Amino acid sequence: MARFRKDEKKEVPEINTGSMSDIIFMFLFFFMVITNMRETNIKVLLKVPTASEIQKLEKKSLVATIYIGAPISNKENTLPPGKISVQLDDQTIKPEDLENSVKEFIIARKAPLDENDKNKLTFSLKVDKDVQMRYVNIIKQELRNNSALKINYATGKKVSQENQ
Amino acid sequence: MARKTPGINTGSMADISFLLLTFFLLTSSINTEQGIPRKLPPPATDIVTAPVNRRNVLEVVVNFKNEISANGSIITVSELKDKAKEFLENANNSEDLPVKERKSINFIGDFMVSQGVVSLKNDQSTSYDIYVQVQNELEKAVNELRDKVANQYFGKKYSTLDTAIQNAIKIAVPMQISEAKPNDLNNQAQ
């Protein structure tokens, strides 16, 4: 007959934590591969609009981002009349050298690419949804003047309401 | 006598890697860049005023109150897609909708390509949100038409087809948006 031995002390074996670090390292590498480092500090308030017909941009290295929105602090440069600023790289641009700044930005982004990729460079406009079109139009005009024609309106994903 | 080296304690290794993990989680962003791709027209050299057939143009105007009108009648954002679809497709070869031109296209064969152009005009005070919504609806209209052609000829959704066939369908259902110089009727920069 089987008997339950209650009084005998069974020791719970210790969990081996040696492989724990391997698992965490695996996580680490996974995240390192799928993410990209945040390169710039965003100095404008951004709430991009949502849309349903969006496409993913293929290569990170072929995307240059332009931010337009209300500045976070009042030290930032703004376009007249002073409510909206445009950020290229790490700086909000001054209204008086808007033309040159955009030009330099485009040249700087095109410089490290080879001839083939130069035409594939996409300028992604990350614009706050409450911004008036006049600011977007200014930037679009500058991009056009500098033959940077491939643009992208950055948006979030909206769940489409097809099944009504 | 060889001295026994004490084993290195690997218990804290997990802590170190956790630290690295949290660091990377905080400094990186997963969200990939996504949005509505567009092509700007090349820099203007001379203003060419080609005679445009009136029936080939759907004039979409967004005013400073963010109201949308298509060919003069005020509509909502959600109505725009069907309006654009009806216009671009011209299923019944109606007299006041775009002219169609016969084109022979790889994979598809002869196809009546619509010559319709959507002319989009904004006000400087239009909000960017509405602008994107309008672009989105137009994109959706074209995507649905492309899906229809893909279904008709290949029995599949447009997005699941090969790139070569997708390009053929792009020729069959072109996306033609022309942006007019914006108005500034409100003239209140905000």
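**Exercise 1. Which residue of S2(B) does Lys56(A) stand opposite?**

Solution. Before starting, keep in mind that this is a predicted model. Begin with the strands that carry the pair: S4(A) is joined to strand S2 of chain B, residues 34-39, by 2 bridges, and the two strands run antiparallel. Then look along S2(B) for the partner of Lys56(A), which is Gln34(B). Next, turn to another strand of chain A, for S9(A) also pairs with S2(B), in the antiparallel sense and over 5 bridges. In this second pairing, Ile151(A) is found opposite Arg38(B).

**Exercise 2. Describe the side of chain A that touches chain B, starting from the residues in contact and ending with their chemical character.**

Solution. First take the extent of the contact: 49 residues of chain A are in contact with 43 residues of chain B. Second, find the elements of chain A that give two or more residues to this side, which are helix H1 (20-34), strand S1 (36-37), strand S4 (55-56), strand S8 (122-127), helix H4 (133-145) and strand S9 (150-154). Third, ask where the largest share comes from, and the answer is H1(A), with 9 residues. Finally, sort the residues of this side by character, which gives 24 nonpolar, 14 polar and 11 charged.

**Exercise 3. Explain how S9(A) is placed within chain A, using its burial and its link to S8(A).**

Solution. Start with burial: 4 of the 5 residues of S9(A) are buried, so this strand is largely enclosed by the rest of the structure. Continue with the pairing, in which S8(A) and S9(A) run parallel and are joined by 3 bridges. Within this pairing, Ser124(A) stands opposite Asn152(A). To complete the picture, follow the chain from S8(A) through H4(A) to S9(A), a β-α-β crossover that is right-handed.

**Exercise 4. Work out which face of helix H2 of chain A is buried, and what covers the buried residues.**

Solution. Begin with the helix itself, which spans residues 98-110, has 13 residues and reaches 18 Å from its first C-alpha to its last, close to the 18 Å expected at 1.5 Å a residue. Its buried residues are Ser101(A), Val102(A), Phe105(A), Ile106(A) and Arg109(A). Seen down the helix axis, these buried residues fall within an arc of 130°, so they line one face of H2(A). On the other side of the helix, Asn100(A), Ile107(A) and Ala108(A) are exposed. The last step is to identify the cover over the buried residues, which includes strand S5 (63-71), strand S6 (85-88) and H4 of chain A.

**Exercise 5. Summarise the make-up of chain A as a whole.**

Solution. Count the elements first: chain A has 4 helices and 10 strands. Read along the sequence, they follow the pattern α-β-β-β-β-β-β-β-α-α-β-α-β-β. Then consider burial, since buried residues make up 28% of the 164 residues in the chain. Last, take the contacts with a separation of 6 or more, of which 70% are accounted for by residues 24 or more positions apart.

**Exercise 6. Is Gln176(B) buried or partly exposed, and where does Gln176(B) lie?**

Solution. Locate the residue first, in the loop between helix H4 (163-172) and strand S9 (177-179) of chain B. With 17 C-beta neighbours inside 10 Å, Gln176(B) counts as partly exposed, because a buried residue would need 20 or more. Leaving aside neighbours within four places in sequence, Gln176(B) is in contact with Gly116(B), Val117(B) and Val118(B).

Key
Residues numbered from 1 in each chain as written. Chains lettered and ligands numbered in written order. Predicted model: local features only at pLDDT ≥ 70, side-chain atom pairs only at ≥ 80, totals over all residues. Contact = placed C-beta atoms within 7 Å. Nonpolar A, V, L, I, M, F, W, Y, C, P; charged D, E, K, R; others polar. Pairing = 2+ DSSP bridges. Expected span 1.5 Å × (residues − 1). Buried ≥ 20, exposed ≤ 12 C-beta atoms within 10 Å, placed from the backbone. Arc of directions from axis to C-beta. Right-handed = clockwise from strand over helix to strand, strands pointing away.
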